[in-house]
Amino acid sequence: MGDDVGSSHRARDRALTDDTATAARPEISASWRRVRAGGLAPGAEPEVAPLSEAEVVSRRSTSTLAPLLPSITASLEPVVDDGLLMVVTDSDGRVLWRRGRTGVRRLADRLGFVSGSAWTEANVGTNAIGTCLVLGEPVHIRGPEHYVESHTRWSCAAAPVRDPWTGETLGAIDISGPARSVQRSVLALVGVSARLAAAEVRTEHAQTLDRLRAYAAPVVARVGGRALAVDAAGHIAAVTGFTAPERLVLPADLSVDSTWLPTLGAVTVEPLPGGWLVRLGAEVAAATDLVLDLRERPVLRVRTPSHAWEHRPSPRHAEILLALIDAREGRTAAELADDLFADPTRVVTVRAEMSRLRRTLGSLLEAQPYRIAPAVLASVLLPSAGVAIEGSSAPVVSASSPPDGSVPHGADELDNLRPWTTSTT
């Protein structure tokens with residue numbers, strides 16, 4: 001190990017003084033070239049200003065890796081017990097979780113390797129987290145292979161976690177510590193941990209697709225013609241009338257206004273709970289009605305030209321939906337916090353709740369700002385007397401009680417509601 005480290009130090013010194021020289025490993029040389037081109041100097045003090053605690057909490061609450069943290073921690077507990085630091089980041093390289101003994105955490109603190117810091121190549125030079133996110137594969141960085149001098153006393157091994165369902169990178173798992181303590185065998189361990197995490201994500205997606213399939217199969221059969229149901233990532237849940245591809249490529253801005261899709265051509269699109277109903281060559285008005293019925297226990301009813309479904313939102317989600325129907329132009333997280341709590345600083349809570357609500361309602365909601373999708377005709381049915389949502393103290397609820405609760409609130413298009421054929425999900 002000593003000879004390897006010494007050789008790496010000499011290679012590093014040559015590369016830093018001679019632009020034509022390279023590090024011992026090609027992937028390290030390539031990383032150094034990227035870092036050098038970005039203007040970071042070897043002797044620089046890297047910019048690792050962390051996010052605020054509130055922003056870290058917000059990112060944790062919406063991270064797909066959050067529910068996987070117990071299994072990730074369990075698989076890496078032995079190396080943590082041996083005195084190394086376990087770190088889990090988001091896809092931006094931001095440190096969301098750290099676990100380790102006091103001594104190694106203090107060493108990491110001196111490097112600025114703290115909760116909320118950005119551990120990317122652009123910020124801190126060659127390092128396992130940033131470099132594995134660039135390469136999309138596990139990486140082991142020994143002390144002198146770090147580009148920045150102050151990090152050469154540190155070693156690390158990291159692997160990206162990919163969502164096998166969507167292809168997106170969710171974050172990275174890293175094991176770090178003093179230079180001589182992180183052996184190359186740790187690389188295999190973080191790689192296995194990342195693959196196990198990805199497998200858990202895939203299982204959750206598959207279960208969600210099964211639920212969509214159970215709902216969508218009778219809908220697709222009923223509409224007839226050429227139609228299919230897909231989840232948000234384009235995986236096929238049900239099909240009728242033709243042989244569908246294994247997966248559709250869906251545009252990021254897919255909405256009920258869409259009229260053309262790759263491989264399918266002209267289509268009409270309608271929202272499903274957890275996905276989309278896609279009909280080929282059908283002349284169907286793409287109108288979707290959303291009614292938040294607060295006359296008793298909150299119920300959300302969604303109707304498209306070919307099907308309808310119900311969802312029972314929590315009181316908090318009912319408050320959010322009421323605020324969004326009242327403000328069709330949309331609301332920022334701070335504005336929603338004011339609507340719900342009379343406190344615009346409660347953005348962390350709002351973002352976490354919106355993340356949960358969007359997982360349920362999917363295409364009916366949009367972000368930046370948060371709003372009901374523009375093509376959706378939305379309204380509220382209020383009780384004839386009393387508070388619209390029992391037990392609620394939200395300002396938006398207090399301000400939304402008309403003299404006659406039987407009149408739809410928020411859209412005139414639903415004055416004459418058509419009969420419902422509902423399915424509880």
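In the predicted model, P369 is found in the loop that joins β14 (365-366) to β15 (371-372). The peptide bond leading from Q368 into P369 is cis, its omega being near 0°. Q368 belongs to the loop between β14 and β15 as well, and its phi is positive, about 55°, although Q368 is not a glycine. Both features depart from the general pattern, because most residues other than glycine have a negative phi and most peptide bonds are trans. Q368 has a relative accessible area of 80% and therefore counts as exposed.

A positive phi, near 55°, is also found at A342, again a residue other than glycine. A342 is placed in the loop between α10 (333-341) and α11 (347-361). With a relative accessible area of 53%, A342 lies over the 50% cut-off and so is classed as exposed. Positive phi values occur at glycines too: G39, which follows α2, has a phi near 95°, and G224, which follows α8, has a phi near 65°.

Helix α2 (residues 26-37) contains twelve residues, and the distance from its first C-alpha to its last is 17 Å, close to the 16 Å expected at 1.5 Å a residue. Its buried residues are I28, S29, S31, W32 and V35. These residues lie on the same side of α2, because they cover an arc of only 160° around the axis. The face turned away from this buried side carries the exposed residues P26 and A37.

Helix α8 (residues 185-223) has 39 residues, so at 1.5 Å a residue a span of 57 Å is expected; the end C-alpha atoms are 56 Å apart, which agrees with that expectation. The helix nevertheless bends, by about 35°, at A216. A proline, P218, follows A216 within four residues.

The interior was examined next. In soluble globular proteins, nonpolar side chains tend to be buried together. The largest nonpolar core of the model has 52 residues, and L294 and M354 are those with the most contacts inside it. Beyond its neighbours within four places in sequence, M354 is in contact with I320, L324, L336, L365 and Y370.

A buried position is also seen at C132, in helix α7 (residues 128-135). The relative accessibility of C132 is 0%, which is why C132 counts as buried. When residues up to four places away in sequence are not counted, C132 touches N127, E137, V139, A158, A159, P160 and A172. The C-alpha atoms of C132 and E121 are 9.7 Å apart in space, while the two residues are eleven apart in sequence.

Charged residues were considered last. Side chains of opposite charge can pair when their charged atoms come close. The structure holds 22 salt bridges. One of them joins the side chains of R142 and E145, with a distance of 3.0 Å from N to O. R142 has a relative accessible area of 19%, under the 20% cut-off, and so counts as buried. E145 is likewise buried, because its relative accessible area is 4%.

Another salt bridge links E310 with R301, whose closest N and O atoms are 3.3 Å apart. Both of these residues, E310 and R301, are buried. In the salt bridge between R331 and E335, the side chains meet at 3.9 Å, N to O. Here R331 is buried, since its relative accessible area is 19%, whereas E335 is partly exposed, with a relative accessible area of 33%. In addition to these pairs, E55, R59, D90, D92 and R351 are linked in a network of salt bridges.

Technical notes
Residues are numbered from 1 along each chain as its sequence is written. This is a predicted model: local features need pLDDT of at least 70, side-chain atom pairs count only at pLDDT 80 or more; totals for chains, interfaces and linings use all residues. Side-chain values use heavy atoms; hydrogens and water are left out. Helices (H or I, at least four residues) and strands (E, at least two) are DSSP runs, numbered from the N terminus. Buried means under 20% relative accessible area, exposed over 50%, partly exposed in between (1.4 Å probe, protein chains only). Contact means heavy atoms within 4.5 Å. The expected span of a helix is 1.5 Å times one less than its number of residues. The bend at a residue is the angle between axes fitted to the seven residues ending there and the seven starting there. A nonpolar core is a set of buried Ala, Val, Leu, Ile, Met, Phe, Trp, Tyr and Cys residues joined through side-chain atoms within 4.5 Å. A salt bridge is a side-chain nitrogen of Lys or Arg within 4 Å of a carboxyl oxygen of Asp or Glu. The arc is that of the directions from the helix axis to the C-beta atoms.
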